[in-house]
Structures are given as C-alpha cells and as structure tokens.
Amino acid sequence: MEVLNKEVLERALRPLNGSLKNRRFYPPGHPSITNTLKDAYNRITAILERENPLLLGRVNDILVFGHHSFLDPTYRDILECLQRRGIEGVSFAKGLTFEEFSSFIDILYSDRDFEVDELRRELIKRSILHVTIRFLPVGNKYLEVYQRAVDTVKKTMEEIRLGVLPKTEAVMEIVEDMTELVLEDKNAMIGLTMIKDYDNYLFTHSVNVAILSIALGDELGLDRSSLHQIGLAALLHDIGKTGVGEDIIKKPDRLSDEEWERIKEHPIIGFRIMEKMESMPSLPPRITLEHHLGYDMKGYPRIEVNKPHPYSMIVTICDTYDAITTLRPYQRPVDPLTGINRMKSMANRLLDPELLKTFVNMLGLYPVGTLVRLNTNEIGVIVKVNPLDNTKPVVKVIFDRSGKRLKKPQLLDLSLARSGVAIVASVDPLSKNIDVGEYLKEMEGS
Ligand SMILES: [Fe+2]
Ligand SMILES: [Fe+2]
C-alpha cells in the first residue's frame, strides 16, 4: 500500500478536528462549521484517490490516520470523540459523499450513546455507506506499551512537581510489561526507540533508555528481577530534572556555569525522591544516582564509592546513545552508526568498554533505524536486523535508484534479495529530510 506523506494527512486532520471542535462554540449550520467540514471533506476525498480505504483510528492515546501515528495533542477532539464512542477505527472509502461525511460527523459528535453495533446499524439507517466502523489490526501491542510507558513517566513527573510521592507499583507494572515485550521481540522494541518526540523529549527519552537498558541487560543474561530493577531505574533516571527548573532544561542556548551546576544536581534529586518511594528496591535509586558518574568516575556527582554499579553503567550507555541520536534544543542528532562511533571514543572514560561492545553487538552492524544506501543506489531504512548475518537486515526502501522518493516504500529482505545487493554506507536522515521513526511506527508493516 502507498504510504502517504504525513503532511498531506495533517492538512486533512486539522479541519477534521476543527469541524468537531467548532461544534462546541457555534450553533449547527454556522459558516465556521460548514466551511471547515467542507475543507475536511475535500482533503479526505483527495486522499482517497491515493489511499483507499483511508483509516482513522486510535491506539490508546495515539491517533492513527492513513498509516501514520500522531502523538501531538492538536487532534484531541477527534481522539475524544472516538474514545467516547468506543470506536477503535473508522475507514472512509472512495465514493464518500459530502452528505455521508457530514452526517457521520454529526453522529460522532452527538450526545446519544451508541454501542458499536448500534452505531453500525445507525450508519446503514442513514445511508452512510462509505464509512465503516472497524477494529484496528492487531500487532500494535508494542506501540501501546510504549505509549503507556510515556504516560507513566509523564504522570510520575507531574506528581513529583505537585509534591506527591509516586507509587512504585504503578511504575513497576509498566516496566514488567516492557520487559516481557523486550524478551519477546527485542528488535521490535528497539525499533520503537527511534521515536524521538521533540516536545516530549524527557518522557520519550526515559522510555527509550528503559527499553535499551532492559534489552542490554537481557543480552548480558540477567534474570527478570534484575531486568525489572534496571528498567525501573532507567525509566526514572532523569526524574530529578523536575527539581531543576524547566527554563534551564529547555534552554535553547548554551548553559552558563551556574545553570550547568544546577543540571548536575538531578541525579541526587532523583536519588532522594526514589529512596523515599514506598516498596522501592535498593538498587534503582543507586543507579539513578550514578548514571552520570562514568566508568572512570570523573563524571558527577562526586560520591564516595569504589566504582559505579555495573547496572549503572548499563543505563549510562543507553542514556548516552539515546541522547546523542536525538534532536535537542542545543544539539543536532546523529544517526545510529555515527552515534555508535562517537560512543566508541568514550570507552574507558564515560563508558564501560566491555559493556559497550555488547551494546554495539546488540544493535548490530546496521541498527534498526539506520538510513542506508545500497549498491543499487536505492536508499532505505533498516527495519529489522538479521541475527544470523548482520550485513543482511531487512530494509524498507524509500528512494529508488534514480533518487526519486517512492510513493509506496518497499520491504527488501537482503538475505533473500537478488544476489549482490548490499549496503554500502549509512546516510544522514536530515540530508534526506526523513523522520526514520515514522517508517518504523507505520501500521500493518506496509
Ligand atoms: Fe541524566
Ligand atoms: Fe538521561
């Protein structure tokens, strides 16, 4: 199936959300309602020419539209209407008339309570034949757990800001779920760590570090209970930043010495919070305290220990990897391969050299999310590594031989591909204006 550009979809989502939102402010028939409704209709019918049927749905709090997921709250009204009606998904089909569309939006907005089956009957009764209520394809449990983890970190940090001590059990619950999925399919979970949400950096960063740390722990053969402790620490490793002040955390310019000293307090602040949390095991607070200490102990804070705990070094490696591969106010992100090379230069100083080797091995020669050029001149993103031969992963080809962006990305399994097809180099995603996370999040693996 063709994968549409996210921007095209957003141009339809905006008026679609507007047509629901405006109903709260204007009476029926008001031009503001009719105009946005018409705009939404025109854009959706245009999309249907290229993608038919067109799916609109939700996975928990993530809005899904035409094979893309939308994490930002701009489209809250659509999400709320779907949630209120208990609808997982809706598909629009080619041939959709304006009357059908507008009538469907009426139903979506109305106060009447419909069961999903009743809703289906109502659509038929009103002759809305080009809109179908459907369930989302299965297989999104990874994305679902990811989103739940983001929500948990967000909630935990909010609680701390309000002076409420978070509950260890609530955080542990999601850590356990994450651990199970990492054990089930490490690559699928590592692929999700390419989700880099600029606006929610601290939350997605914490989740990414937790996934990578659990995966690295498993790579080292640690048991579940150790993985849970590492995951818990990783998910909460930066909660001390709640005590630093948002103006400093989000400052786009270089930090002054004074501000930098404030940032350096976050491991201690985090440690103190975690220590106070009820039923917190003893190790996670220590890992949080030590996550910037470094293998050579030259980091911060200055504390009296002989050497950092090995689990702290796990979190340090994953923290460093996620931080340097993410766009932040003061830093351009690097692709996974460049990130790994940069980390190799930190071995023996910030990072434990042996552990780093295991980490690099785990990510493979070409980690999931790397944009690569093939010897056929095609360019694609690695979506799955091959544990038997790390030079032959599965690539989603995005640009064809002549450099033209494909309307429909093609999956290419290099272990099955015509002989001689090989990766020649990694490519900077920014130079191609590619958000690799998007290609890994898409539904149905199209
Ligand atoms: Fe940190
Ligand atoms: Fe961090």
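Helices here are DSSP runs of H or I with at least four residues, strands are E runs of at least two, and both are numbered from the N terminus. This is a predicted model, where local features need pLDDT of at least 70, side-chain atom pairs count only at pLDDT 80 or more, and totals for chains, interfaces and linings use all residues. Residues are numbered from 1 along each chain as its sequence is written, while chains are lettered from A and ligands numbered from 1 in the order in which they are written.

Confidence first. pLDDT is the predictor's confidence in each residue, from 0 to 100. The chain's mean is 87, and 92% of residues reach 70 or more. Among the elements, helix H14 (residues 283-290) has the highest mean, 98, and helix H18 (residues 436-441) the lowest, 71.

Now the loop after H14. Met 297 lies between H14 and H15. Its phi is positive, about 65°, although Met 297 is not a glycine. Buried or exposed? For that, we count other C-beta atoms, placed from the backbone, within 10 Å: 20 or more is buried, 12 or fewer exposed, in between partly exposed. Met 297 has 13 such neighbours inside 10 Å, so it counts as partly exposed. Pro 301 sits in the loop between H14 and helix H15 (310-324). The bond joining Tyr 300 and Pro 301 is a cis peptide, with omega about -5°.

Next, domains. The bounds come from an automatic or database domain assignment. That assignment gives domain 1 (6-134), domain 2 (141-363) and domain 3 (371-445).

On to the inside. A nonpolar core is a set of buried Ala, Val, Leu, Ile, Met, Phe, Trp, Tyr and Cys residues joined through C-beta atoms within 7 Å. The largest has 71 residues, and Ala 149, Ala 210, Ile 211 and Leu 235 have the most contacts inside it. H9 gives the most to this core, nine residues. Domain 2 and domain 3 both contribute, so the core lies between them. Apart from it lies another core of 28 residues, including Ile 33 and Val 131.

Last, helix H7. H7 spans residues 168-184, 17 in number. Which residues of H7 are buried? They are Val 171, Met 172, Ile 174, Val 175, Met 178, Thr 179 and Val 182. These cover an arc of only 165° around the axis (taken from the directions from the axis to the C-beta atoms), which puts them on the same side of H7. On the other side, Glu 169, Ala 170 and Glu 184 are exposed.

How values were computed: Expected span 1.5 Å × (residues − 1).
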